[in-house]
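Student: I am new to this structure, and I would like a careful, close look at a single part of it. Please choose one place to begin, and then lead me outward from there to its surroundings.

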Amino acid sequence: MSLLWLRVAVLLYGVAALAVLPAALYNQPRWRHVAFPAALAGAFFHFVALAETLSAAHHALPVDTHETLSLLGLLLAAAFVILTLSYRTVSFGIFLLPVVVLLTLVPAFHPGHETLLYIHSGWLFLHIGLLLAAYAALFLSLIASLLYLVQERRLKRKLTTSKRTWIPPLETLDQIALKALLFGFPCMTVGLLIGSVIALETIGPAFFADPKVLLSFAMWIAYSLMIFIRRHSGLRGRRAVYLSSFVFLVVLAVWAANQLSVVHRFKAP
Amino acid sequence: MSEIKPNTNLLLLGVNHTTAPVEVRERLAIPAARLADATRTLAHQPGVREALILSTCNRVELLAVYESASASEPSPIAIRFLQDYLNVGVADIQPHVYQYRELEAIRHLFRVASSLDSMVVGEAQILGQVKQSWSVAREVGAIRSTDAFSSTLDPLLQRAFSVAKRVRTETRIGSTSVSIASVAAELARKIFGSLAGKTVLIVGAGKMSDLTARHLIEQGATTLLVSNRTQSRAEAIADALRTPAITTGVLPFEQLHDQAHRADVIITSTGAAASGESAQLFTTANARALLRSRRNRPVFFIDIAVPRDVEAAVNEVEGCFVYDIDDLQQVAVVNQASRSREAEAAESIVSSEAARYAGRLAQAPATESIKQLLQNAEAVRQSELARTAARLASQPLSPEQLAAVDALTQSLTSKLLHAQLTALRESAAGTTAASSPESTGNPSTEIG
């Protein structure tokens, strides 16, 4: 049954991803009334699917690459909903919703063939959830910084008319970028701390010699440096995009390192 | 002139910026403080059932519903009201007055509420002004509540608000602004989003900078600084723009570069280069220093001086946005063209909505008659059934027999009424077709 709800969610995300294009790019307000409710309903069914999966596995979380990606998709969909409600802009949906569709499409229609690792520990679930939230926040911050760059260029080149465009104002984008980072940072810090404590208890100090784990700490340092620089020098525009892109690359490397790590894998050994 | 419904008698009469010069509009304008009294007075004119007055700087319009008996003379009554209430000679106003009736009155009202009849097409203020007039008319009893009484104007006004909303939602008519000052304000919004809490600095003096500052204040800017070579002139400008909602201050001209970082938007209109000064007021070096002090928060230069006060290269500095008068004019021209295209789409929405509403109005009496006829027939049928039941009291019918008699009388009633009901429906449909836009003649009638 959870697969059915997940498929419904993917369908709704797909509708939202398509509707958001005329809503934002062509400034057609009526499509907003399709995009937002569809994304909201998609997130709801996605949540139902997740809850049913948990229930079916007796409150254990089946963890594989697909399931994790699907959870990341749900967090990104939630980010879209929150942004739309807070800033009255659906522009972020142009980037977020297709990613959400991609992240949920495979788990919904081609469920994983990996041997599932069932997690019974709530702490481990929190570790995964918090780190995924940090990744989602970083992705959002990167999109906001890129949009800042586009809007800045349009204003500088006098390409803009005074009518509303799909890109939010510069200060709004800057706020979103910074707030997303400020939200993601504690998530990443607590997520890594929980992971470290669990690793110490289960594997011991050898865990910290793992390349994946070392990269994760490098990611944390890069993340905190980025926030420090942005807050204290008011870094915006091109340099902010370079910085966000660098940290995002580190995050991708950390994600990819799951495949190399011996001690930190989604698959059961 | 189309007649939708002989007993509706909807009349809209007025002057606007296209038919009357400002001298005439000024004489006819009804201040907000007198609007309630004027509306009440109009509503008490002989034969007037409901009334509304819309008075803005660009128009004065009277909208009234007349009783059938006075249908032949509504416009003289309205003209006389203007003459008596405002003490204006009929001869002075008659050449400028237009009037619309029925469908065309509905259409005009929808156009006004949707800002298609405004001087700046698409501006949002007019809808608020129509709502204000409606609210005043309801308060003084000049418009009856839809629920409590049979009102014509209340549902019509509510429909006008829905149509205006539809026009704003389905077209982009409200998303472009055309004046230089409003373009500058809109561009500022693209940089800062809400202007609430933002600081505007005016350097120099001039009507355009004054107007731009006013637009920025209207958009929410809360602090206004003025800097001028002549301190007293700066103080005079600050005083003129001061309102209870904003804080104003004067920056000594010699401290301009040290203090300019306090401003998010800088409007320059000194034309310093024209007065023989070699350097422009803001150079790239000034702009970089300013941004450092602002910790890279963006700053928007609106340079309306000719020759320019801000070096063109300042626009290349990250975080600085410079728009000179030509840039602003270019945006305004593009917006005007775009607005005309949107206006065509909006006109089409208004026309179809007006025709639909007029159709509903025309069918309303037929619907009421049909309802009445059916109610009467049902009352007769029930009474006959009761009489028959009383006659057969000694030998009561079984429930099955009662049901059969009930069905028989229902069927008989329906068949007997069929011809009358069809005639009523056809008559209403015929009236609607006659009132469709294709069958109407000249939309307006100029008096005089």
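Tutor: What follows starts from one residue and widens to the sheet, the helices and the other chain. Please keep in mind throughout that this is a predicted model.

Let us begin with B:Arg49, which lies in strand 2 of chain B, a strand that covers residues 48-55. Is B:Arg49 buried or exposed? A residue counts as buried here when 20 or more other C-beta atoms lie within 10 Å of its own, and B:Arg49 has 20 such atoms within that distance, so this arginine is buried. Its strand shares that setting, because 8 of the 8 residues of strand 2 of chain B are buried, and the strand is therefore largely enclosed by the rest of the structure.

Which residues does B:Arg49 touch, once its neighbours within four places in sequence are left aside? The contacts are with B:Val65, B:Tyr66 and B:Glu67. For B:Glu67, the separation along the chain is 18 residues, while the C-alpha to C-alpha distance in space is 6.1 Å.

The pairing of strands brings in the next piece of the picture. Strand 2 of chain B pairs with strand 3 of chain B, residues 59-66, in the antiparallel sense and over 7 bridges. These two strands form a hairpin, with 3 residues between them. One of the bridges can be followed by eye, since B:Leu54 has B:Glu61 in strand 3 of chain B as its bridge partner.

Elsewhere in chain B there is a sheet with another sense of pairing. In this open sheet, 6 strands stand in the order 7-6-5-8-9-10, and the pairing is parallel. Strand 7 (247-250) and strand 10 (320-324) of chain B are at the edges, and each has a single partner strand, so one side of each is left without a neighbour in the sheet. From one strand to the next, the twist averages 15°. Within this sheet, strand 5 of chain B (residues 199-204) and strand 6 of chain B (residues 223-227) pair in the parallel sense over 5 bridges, and B:Ile202 has B:Val226 in strand 6 of chain B as its bridge partner.

Helix 9 of chain B, residues 207-218, packs on the sheet and touches strand 5, strand 6, strand 8 (265-269) and strand 9 (299-303) of chain B. The direction of helix 9 makes about 165° with that of strand 8 of chain B. Helix 9 of chain B also packs against helix 8 of chain B (residues 180-192), at an angle of about 45° and with the axes 8 Å apart; the two helices are therefore oblique to each other, and their crossing is right-handed. Among the residues that meet here are B:Ala184 and B:Ala188 from helix 8 of chain B, and B:Leu211 and B:Leu216 from helix 9 of chain B. The residues of this contact divide into 8 nonpolar, 3 polar and no charged.

Chain A has 8 helices and 2 strands, and 45% of its 269 residues are buried. In this chain, among contacts between residues at least 6 apart in sequence, 84% join residues at least 24 apart. One of its helix pairs deserves a look of its own: helix 5 and helix 8 of chain A pack at an angle of about 150°, with their axes 9 Å apart. They are therefore roughly antiparallel to each other, and helix 5 of chain A passes helix 8 of chain A in a left-handed crossing. Residues of helix 5 of chain A in this contact include A:Leu138, A:Leu142 and A:Tyr148, while those of helix 8 of chain A include A:Val241, A:Phe248 and A:Val251. This contact divides into 11 nonpolar, 5 polar and 2 charged residues.

How many residues does each chain bring to the contact between the chains? Chain A supplies 21 residues and chain B supplies 27. On the side of chain A that touches chain B, the elements giving two or more residues are helix 2 (29-56), helix 5 (122-156), helix 6 (170-202) and helix 8 (237-256) of chain A. Helix 6 of chain A gives the most to that side, with 3 residues. By type, the residues of the side of chain A that touches chain B divide into 5 nonpolar, 8 polar and 8 charged.

Definitions and conventions
Residues numbered from 1 in each chain as written. Chains lettered and ligands numbered in written order. Predicted model: local features only at pLDDT ≥ 70, side-chain atom pairs only at ≥ 80, totals over all residues. Helix = DSSP H or I, 4+ residues; strand = E, 2+ residues; numbered from the N terminus. Buried ≥ 20, exposed ≤ 12 C-beta atoms within 10 Å, placed from the backbone. Contact = placed C-beta atoms within 7 Å. Nonpolar A, V, L, I, M, F, W, Y, C, P; charged D, E, K, R; others polar. Pairing = 2+ DSSP bridges. Axes fitted to C-alpha atoms, helices over the stretch in contact; angles between N-to-C directions. Parallel < 35°, antiparallel > 145°, perpendicular 65-115°, else oblique. Left-handed = near helix turned anticlockwise from the far one by under 90°.
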